[in-house]
Amino acid sequence: MNSTVSEPAKAVSQPEDTRKSTAKYSFYQKIFFLYFLNLIDWICTEALISSGRFYEANPVMRPVLTGFVPTLLIKGILPLMLTLLCCAIYRAAGIRESRLADILLNMGIIVYAAVNLWHIVNFLLLFSAF
């Protein structure tokens, strides 16, 4: 009697490159959107402060925002450099997806969106005062 023993079926796994991403937006899209929200926050803050009716509410930023050059460095250039550094590290590490990075970026986007929503409310208050 000739019996054949079949080998168990090997699990076929897709290579990492061909897997579908579960994230709706990529790390790079989210981090640049976060930077964009930061820029909108900066522009709105400057506009509201220059109206003379508002002040910087963040006690950490209040002494830093003394002129255009320090403000440009702190609110524009430094976040851009950090954004580019994060992108470079993410790419160098060869990470396709990171749940922790996704959660942190989502939290940052929510916070900055709330800050920018607050700016809109303040603009409405500013324009309704005239």
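**View 1. How much of the protein is buried.** Of the 130 residues in this predicted model, 23% count as buried (under 20% relative accessible area with a 1.4 Å probe, protein chains only; exposed is over 50%, partly exposed in between). About 10,100 Å² is exposed, and 68% of that comes from carbon and sulfur atoms (Shrake-Rupley areas, 1.4 Å probe). Because the model is predicted, local features need pLDDT of at least 70 and side-chain atom pairs count only at pLDDT 80 or more, while totals for chains, interfaces and linings use all residues. Numbering starts from 1 along each chain as its sequence is written, and side-chain values use heavy atoms, with hydrogens and water left out.

**View 2. The helices and their contacts.** Three helices and zero strands make up the element list, in the order α-α-α from the N terminus (DSSP runs: helices are H or I, at least four residues; strands are E, at least two). Among contacts with a separation of 6 or more, 79% join residues 24 or more positions apart (heavy atoms within 4.5 Å).

**View 3. Helix α3 and what it packs against.** Helix α3 covers residues 99–128, and its end C-alpha atoms lie 43 Å apart, which agrees with the 44 Å that its 30 residues should span at 1.5 Å a residue (the expected span is 1.5 Å times one less than the number of residues). Its buried residues include Leu105, Ile109, His119 and Leu126. The buried residues of α3 pack against both α1 (27–50) and α2 (68–92).

**View 4. A look at Leu73.** Leu73 sits in helix α2. It counts as partly exposed because its relative accessibility is 43%. Leaving out residues up to four places away in sequence, Leu73 touches Leu78 and Pro79.
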